[in-house]
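Here are my comments on the model, written so you can follow along with the structure open beside you. Take the points in order and find each residue as you go.

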Amino acid sequence: MSRICKITGKKTIFGNKRSHSMNAVKRKFLSNIHNHRFWISSKNKFIRLKVTSKAIRIIDKKGIEFFLKKFI
């Protein structure tokens, strides 16, 4: 299952975990992905999107209709 946000495009990045002695071990930085339902009032239905918490805040500010026009 891919962990990519449908709105912002954020995805998993890779880096190093550093110990106190600065030894490097590879690790993943996972994005904060949620499966979220958004209500579309014009169509009277829900849509389900995989979005980050940042994208949820952006959708609350601009509205889901704005992003539907942008992607469709």
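**Notes on the model**

1. Start with helix 2, where K69 and K70 are exposed on the other side from the buried residues. "Exposed" is used for over 50% relative accessible area, "buried" for under 20%, and "partly exposed" for what falls in between (1.4 Å probe, protein chains only). Helices (H or I, at least four residues) and strands (E, at least two) are DSSP runs, numbered from the N terminus.

2. Before going on, a word on what you are looking at. This is a predicted model, in which local features need pLDDT of at least 70 and side-chain atom pairs count only at pLDDT 80 or more, while totals for chains, interfaces and linings use all residues. Residues are numbered from 1 along each chain as its sequence is written, and side-chain values use heavy atoms, with hydrogens and water left out.

3. Back to helix 2, which spans residues 64-71: which of its residues are buried? They are I64, F67 and L68. These three sit on the same side of helix 2 because they cover an arc of only 105° around the axis. The arc is that of the directions from the helix axis to the C-beta atoms. The general rule is handy here: an α-helix has 3.6 residues a turn, so residues three or four places apart point the same way.

4. Now try helix 1. Its buried residues include A55, I56 and I59. They share one side of helix 1, since their arc around the axis is only 105°. Turn to the other side of helix 1 and you'll find R57, D60 and K61 exposed.

5. Take a closer look at D60, in helix 1. Why does D60 count as exposed? Because its relative accessibility is 63%. Its C-alpha lies 10.0 Å from that of F38, with the two positions 22 residues apart in sequence numbering.

6. Next, the charges. A patch of positive charge on the surface gathers K10, K54, R57, K61, K62 and K70. Patches are made of residues with over 30% relative accessible area and no salt bridge, with like charges joined within 9 Å and nonpolar side chains (Val, Leu, Ile, Met, Phe, Trp, Tyr) within 5 Å. A salt bridge means a side-chain nitrogen of Lys or Arg within 4 Å of a carboxyl oxygen of Asp or Glu. Lys and Arg count as positive.

7. Which element gives the largest share of the positive patch? That is helix 1 (residues 53-62), with 4 residues. K10, another member of the patch, is found in the segment before strand 1 (13-18). K10 counts as partly exposed because its relative accessibility is 41%. Between the C-alpha atoms of K10 and K28, 18 residues apart along the chain, the separation is 13 Å.

8. Stay in the segment before strand 1 for a moment, as T8 lies there too. T8 has a relative accessible area of 32%, so it is partly exposed. Its C-alpha atom and that of I59 are separated by 11 Å, though the two residues are 51 apart along the chain.

9. Do check the backbone at M22: its phi is positive, about 65°, although M22 is not a glycine. You'll find M22 in the loop between strand 1 and strand 2 (24-29). With a relative accessible area of 53%, M22 is exposed.

10. N44 deserves a look as well, with a positive phi near 55° in a residue other than glycine. Where does N44 lie? In the loop between strand 3 (33-40) and strand 4 (45-52). N44 counts as exposed, at 57% relative accessibility.

11. Last, find H34 in strand 3. Its relative accessible area is 33%, so H34 is partly exposed. The C-alpha atoms of H34 and I58 are separated by 14 Å, and the pair is 24 residues apart along the chain.

Conventions:
Areas by Shrake-Rupley, 256 points an atom, 1.4 Å probe, with all protein chains shown as cover. Charge placed at Lys NZ, Arg CZ, Asp CG, Glu CD.
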